[in-house]
Amino acid sequence: MKRSAVRVLALAGVAAMALSGCTAAPAQQGTQSPTPSAAQSVSETTTGDYTEREVNDGTTTFKVVDNPGDGPTLSYGAESGVTLLEEEIEGAMYAFKDMNANGELDTWEDWRVDATERAADLAGQMSVEQIAGLMLFSSHERTPADGLTDAQKTYLSESNLRAVLNAAGSDAKVTVPWVNEMQAFVETLSTEDTPYVPVNFASDPRSTAGSGGYNADGADISRWPSNLGLAATFNAEHTQNFGEMASAEYRALGISTALSPQIDLATEPRWLRVGGTFGEDAAQAAELAAAYVDGFQGTGGEDAWGTESVNAMIKHFAGDGPGEGGREAHTDAGKYGVYPGDNLAEHVSVFQGALDSAAVMTAYSIALDADGEPLFEDRMGTAYDASRMAILREDNSYQGVIVTDWGVMTGAKDEGAFIGTAWGAEELSPAERYVEVLGTGHDMFGGVNDATFLLEAADLWQQKFEAGELEMDAETRFQESGARILTMFFNPGLYESAFLDPEQSAETLASEDKVEAGYAAQLDSVVMLKNDDGTIAAAEAAQWSDKTVYIPQSYDVGTASIFGEPAYTEGPTMDLDVAAKYFSKVVTDEVEKDADGKVVGYTAPDLSDVDLVLVGMDSPVAGVVFGNSGFDAATGEWYPLSLQYRPYTADGENVRKVSISGDLLEDGTKQNRSYFGNTSRISNEADLDSFERAVAAVEASGKDIPVVTVLKAANPVIPAEFEAKSDAIVVGFGTSDQALIEVSLGLYEPKGRLPIQFPADMDTVEKQFEDVAKDVTPYTDANGNAYDYGFGLNYAGPIAG
């Protein structure tokens with residue numbers, strides 16, 4: 001089911017009630033609870049047919065009003081000054097919140113009125129300065145355990161910011177009090193001249209079970225495959241279920257906007273963010289994008305906004321996938337997206353399948369054609385590119401909220417810049433950048449806590465209007481965005497209830513039904529690529545309970561990024577504790593380390609009693625999103641991103657000797673970003689060492705011990721380095737080790753299929769076009785199976801489809 005970003009609140013009977021006058025009633029004080037320590041305290045009184053109770057989460061006390069029938073639940077801070085208005089409807093007394101203390105039920109306060117009408121009414125009463133605050137999206141907030149900080153109070157009160165990015169883990173004990181404390185604080189900021197606006201908390205994806213894409217730690221959430229894993233199920237029902245269940249958990253953490261799904265088309269196999277996409281098939285990606293949006297924006301499986309609804313934000317329009325050579329647009333090295341196949345339309349088509357989304361986030365990259373010229377007239381990032389944005393606002397009539405990605409309003413050379421991604425707009429002043437981006441149809445600005453430059457832009461906009469350079473005055477333009485943004489507050493019901501009841505959150509988060517559904521999706525997403533002689537066959541857990549498994553060790557030297565030096569990690573290639581649940585004994589390598597804790601050697605164990613070898617391998621790690629990967633700033637050398645573990649020197653006939661992309665230099669020439677002749681840098685090459693060490697140990701044992709390669713993939717992989725000596729290969733995309741082990745042991749028959757091609761070699765990768773899907777030659781194994789899009793095995797052989 002698809003829905004518009006604008007929907008009437010689902011209220012059987014109540015929505016059709018006459019909008020007659022309300023009677024003011026004092027908010028019920030109830031029984032004041034003693035200050036609790038850890039447990040919440042609740043008291044309840046009744047007025048008419050609605051009931052009111054008081055809740056304390058250990059930090060904040062707030063009131064909860066339960067309306068009769070299908071009337072919405074209301075909540076407000078005990079010290080907020082909010083009062084209740086009563087209206088008798090068909091013999092029952094309903095409550096409404098008087099949020100501006102005027103004793104009247106205004107249009108924007110009436111929960112029976114359509115969200116767009118309420119938003120337009122309130123936006124029309126707000127000043128440019130107040131709306132400017134709505135247009136800000138905060139930087140990452142990672143420590144809710146600190147409570148409401150002075151810095152947060154500053155941007156909430158002085159800049160009127162109301163969109164806060166929760167980048168912390170899923171820990172309800174610290175998140176719920178933080179959310180309630182902040183919601184209570186913003187209530188106190190409301191005055192006769194400053195309308196009340198609750199906080200719209202947002203989050204990047206936080207539910208992935210394993211590696212792949214964004215994630216967050218914490219046990220208070222169900223775990224699912226990555227987007228790529230959901231695509232591997234070839235079953236949109238899993239994505240729909242994920243949306244419905246994850247949105248309920250988000251709301252239980254106070255999150256009402258998801259900075260997802262990421263629906264860039266993964267046409268460039270080396271791109272560093274493939275793991276967060278739905279793969280490289282446009283039709284499948286569009287189908288899953290729609291299912292994701294539908295699940296998140298509905299409530300309880302219904303096509304209606306409600307208490308479990310979360311605004312979805314599809315990203316990154318019009319697709320950030322075609323970075324030249326796979327480089328990533330978060331950094332200068334990858335700021336150019338290239339279209340040698342002239343295939344922008346296919347990338348756009350994925351977004352067209354999900355324009356019911358409440359919001360759209362735009363891409364970082366500058367789009368260039370095969371000749372290195374701008375795809376349109378602007379050699380600028382998407383937010384500044386009028387023609388690319390016209391595809392969304394004009395050609396597709398999109399009326400939802402458009403948001404820049406984080407750092408887009410900052411130039412790399414700006415004073416104090418940490419993340420500066422105003423690609424192509426570096427020479428503009430901050431105010432000029434905001435005018436440009438407002439002019440392309442944007443409403444919100446990611447990672448901006450301070451409204452100073454935006455307010456300067458409002459003045460500049462007005463000057464341009466008065467000079468005849470713009471057709472709309474600043475107040476009207478800001479109110480246009482204000483109405484769109486406020487719809488994202490009204491649709492999920494934040495104006496009715498923005499507070500969290502700790503007990504209700506606990507019941508929702510990581511509930512049994514959600515955990516089971518997430519694990520079922522994980523199992524269905526696992527892909528079996530090879531299964532010689534029935535190495536993996538149907539079995540019962542008891543058949544393995546007296547067996548011994550060998551799991552080797554490995555390490556990753558890490559990659560430097562803007563966040564710091566490389567993070568060295570080492571350990572077993574599969575979770576030993578999880579494996580111990582299935583086997584009588586788990587053996588691993590003896591590890592020798594130096595004084596700094598880094599591995600200098602491994603010794604494989606004696607395999608005389610081993611029955612199975614499981615080798616976990618992450619896909620080759622060629623770089624990281626914030627690592628400026630592909631360019632060595634110290635040497636000025638460009639180097640290739642590779643899909644193989646061993647060093648790859650890019651000297652083949654298909655390697656570009658002159659790059660498509662490059663900066664325009666002062667002498668009129670163009671920078672050459674070619675990596676011809678240079679060699680890749682893979683941080684986890686040791687994963688292949690661990691595989692070869694395991695194979696050598698098996699050969700030395702003289703026994704016929706099956707070797708199952710368990711690939712944890714975030715990108716396509718070239719299997720030539722390990723396929724021949726693997727008896728079986730299973731692939732997980734963001735799945736847990738438990739799911740991968742159960743499939744490897746035959747406890748669950750694999751159903752997954754590849755949502756991306758696995759290339760034959762780097763030569764075919766170099767030959768393909770960054771913007772064209774499914775244009776590599778897939779790897780073919782000794783059994784004649786091509787590891788192409790849609791390929792996967794079950795026990796009987798290739799899965800039809």
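Helix α13 gives the most residues to the lining of the second largest pocket, namely four. In this predicted model, that pocket has a volume of about 770 Å³, and of the 38 residues that line the pocket, Thr73, Arg251, Thr307, Glu308 and Ser497 are the closest to its centre. Two or more lining residues come from each of β4 (61–66), α6 (236–252) and α13 (502–508). By residue class, the lining of the second largest pocket divides into 15 nonpolar, 14 polar and nine charged residues.

The domain assignment of the chain gives domain 1, covering 121–508, and domain 2, made up of 526–624 together with 685–795. The C-alpha centres of domain 1 and domain 2 lie 35 Å apart, and the contact between these domains takes 38 residues from domain 1 and 32 residues from domain 2.

Enclosed space was examined as well, and the count comes to ten cavities of 30 Å³ or more. The second largest cavity holds about 120 Å³ of space and is lined by 15 residues, of which Glu324, Arg656, Tyr675, Glu766 and Glu770 lie nearest its centre. Seven charged residues, five polar residues and three nonpolar residues make up the lining of this cavity. Because domain 1 (121–508) and domain 2 (526–624 + 685–795) both give residues to that lining, the second largest cavity lies between the two domains.

The largest nonpolar core contains 123 residues, and those touching the most other members are Phe137, Phe296, Tyr384, Phe445, Leu454, Leu486 and Tyr495. Helix α12, which spans residues 474–490, gives the most to this core, with eight residues. Apart from the largest core lies another core, of 62 residues, which includes Ile536, Val610, Val615 and Ile729. The surroundings of tyrosine 495 can be described in further detail. When residues up to four places away in sequence are not counted, tyrosine 495 touches Lys97, Met99, Trp108, Arg118 and Leu122, together with Tyr196, Val197 and Pro198, and also Leu486, Phe489 and Phe490.

Helix α9, formed by residues 386–395, is mostly covered, since seven of its ten residues are buried. The buried residues form an unbroken run in the numbering, comprising Ser387, Arg388, Met389, Ala390, Ile391, Leu392 and Arg393. These buried residues of α9 pack against the helices α8 (344–352) and α12, and against the strands β12 (311–317), β14 (359–362), β15 (366–369) and β16 (401–403). An α-helix has 3.6 residues a turn, so residues three or four places apart point the same way. After α9 comes serine 397, whose phi is positive, near 50°.

Glycine 677 has its place in the loop between β27 (637–638) and α16 (686–701). With a relative accessible area of 38%, glycine 677 is partly exposed, because this value falls between the 20% under which a residue counts as buried and the 50% over which a residue counts as exposed. Not counting residues up to four places away in sequence, glycine 677 touches Thr649, Ala650 and Asp651. The C-alpha atom of glycine 677 is separated by 61 Å from that of glutamate 503, and the two residues are 174 residues apart along the chain.

Methods: Residues numbered from 1 in each chain as written. Predicted model: local features only at pLDDT ≥ 70, side-chain atom pairs only at ≥ 80, totals over all residues. Heavy atoms only, no water. 1 Å grid on protein atoms, 1.4 Å probe; cavity = no way out; pocket = protein on both sides within 12 Å on 5 of 7 lines; lining within 4 Å. Points joined across faces, edges and corners; volume = space filled by probe spheres on them. Nonpolar A, V, L, I, M, F, W, Y, C, P; charged D, E, K, R; others polar. Domains from an automatic or database assignment. Core = buried A, V, L, I, M, F, W, Y, C linked by side-chain atoms within 4.5 Å. Buried < 20%, exposed > 50% of the residue type's maximum accessible area, 1.4 Å probe, protein only. Contact = heavy atoms within 4.5 Å.
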